[in-house]
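Take a moment with the sequence and the model. Then follow the chain strand by strand.

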Amino acid sequence: DEARPDLYRISLATREQRLAVRNADAADWSPDGRSILFLRGYDGAGTRGAGELLTAEIESGRERVLYRDAAKRLNEPRWSPDGQRIAVVLNSFQAGSTDLLGLLDVSSGEFEEQPLEPLGWRGVKIRGFAWITPRRLALLILDTGEQRSPSGRIALLDLDTRDLRSLLPV
């Protein structure tokens, strides 16, 4: 089994390194800076599921599992600016499948999957996203899974209206 990366905090003043989280695949700081959101549990080749979305408190190191999915690979975990929601990309292990955006309500633990089909976008891949406000996200979407010469778009998703619209081609 291949080794997983560990996350460290490094002081800019002293260059001291302190272990924050072991065995983490991707991470994001909480808006208040007290926790790290991270992924764990799938292999880099994407052949094994059971991905987990977790948080770890910086001071105590205490970890908490927020979400598990054995059927999909989790990517790009991001905390909303207000800390109320977490978004994560859900990739199916089936070729040609459309990626989904997973949305977790931090206080209730409720998890929902947001499909990109409202505009008839099938087989698209989410290659990144950013929170614009606590209720709106910008997504980088590839029209196909092709890595060689992909075409795609930047799209805006409004979580209140579920409106997904293309802003510009890439």
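In β8, which residue is the bridge partner of Lys72? The partner is Ser92. This pairing is a good place to start.

Before going further, a word on the source: the model is predicted. Now the overall picture. The protein has 0 helices and 14 strands. Read along the sequence, the pattern is β-β-β-β-β-β-β-β-β-β-β-β-β-β. The protein has 170 residues, and 42% of them count as buried. It exposes about 9,400 Å². Carbon and sulfur atoms supply 47% of that area. Among contacts with a separation of 6 or more, 32% join residues 24 or more positions apart.

Return to β7 and β8. These strands run antiparallel, and 6 bridges join them. They form a hairpin with 5 residues between the strands. In this hairpin, Gly83 takes a positive phi near 75°.

Strand β8 also pairs with β9, residues 100–105. The sense is again antiparallel, over 6 bridges. Here Leu90 stands opposite Leu100 in β9. How many of the 8 residues of β8 are buried? The count is 7, so β8 is largely enclosed by the rest of the structure. Buried here means under 20% relative accessible area.

Now look at the loop between β7 (72–79) and β8 (85–92), where Gln84 lies. Is Gln84 buried or partly exposed? Gln84 counts as partly exposed because its relative accessibility is 42%. Partly exposed covers the range between the buried limit of 20% and the exposed limit of 50%. Gln84 still has partners further along the chain. Leaving aside neighbours within four places in sequence, Gln84 is in contact with Leu104, Asp105 and Val106. Ser107 is 23 residues from Gln84 along the chain, yet their C-alpha atoms are separated by 7.0 Å.

Next come two open sheets. One has 4 strands in the order β3-β4-β5-β6, with antiparallel pairing. Its edge strands are β3 (27–29) and β6 (63–69), and each pairs on one side only. The twist averages 15° from one strand to the next. Within this sheet, β5 (residues 51–57) runs antiparallel to β6, and 6 bridges join them. One residue pair to find is Leu53 and its bridge partner in β6, Tyr67.

The other open sheet has 4 strands in the order β11-β12-β13-β14, also with antiparallel pairing. Its edge strands are β11 (125–133) and β14 (164–169), and each pairs on one side only. Neighbouring strands of this sheet are turned by 25° against each other on average, direction ignored. Strand β13, residues 152–158, is joined to β14 by 5 bridges, and the two run antiparallel. Ile154 has its bridge partner in β14, namely Leu168.

Stay with Leu168, which lies in strand β14. Why does Leu168 count as partly exposed? Its relative accessibility is 43%, and the partly exposed class lies between 20% and 50%. Leu168 also helps to make a nonpolar surface patch of about 310 Å². The other residues of this patch are Leu140, Leu167 and Val170. In a regular strand, side chains alternate between the two faces of the sheet.

To retrace the route, begin at Lys72 and Ser92. Pass along the largely enclosed β8. Stop at Gln84 in its loop. Finish at Leu168 and the nonpolar surface patch it shares with Leu140, Leu167 and Val170.

Conventions:
Residues are numbered from 1 along each chain as its sequence is written. This is a predicted model: local features need pLDDT of at least 70, side-chain atom pairs count only at pLDDT 80 or more; totals for chains, interfaces and linings use all residues. Side-chain values use heavy atoms; hydrogens and water are left out. Two strands pair if DSSP finds at least two bridges between them. Axes are lines fitted to C-alpha atoms, for helices over the stretch in contact, and angles run from 0 to 180 degrees between N-to-C directions. Buried means under 20% relative accessible area, exposed over 50%, partly exposed in between (1.4 Å probe, protein chains only). Contact means heavy atoms within 4.5 Å. Patches are made of residues with over 30% relative accessible area and no salt bridge: like charges are joined within 9 Å, nonpolar side chains (Val, Leu, Ile, Met, Phe, Trp, Tyr) within 5 Å. Accessible areas come from the Shrake-Rupley method with a 1.4 Å probe; for residues, only the protein chains shown count as cover. A salt bridge is a side-chain nitrogen of Lys or Arg within 4 Å of a carboxyl oxygen of Asp or Glu.
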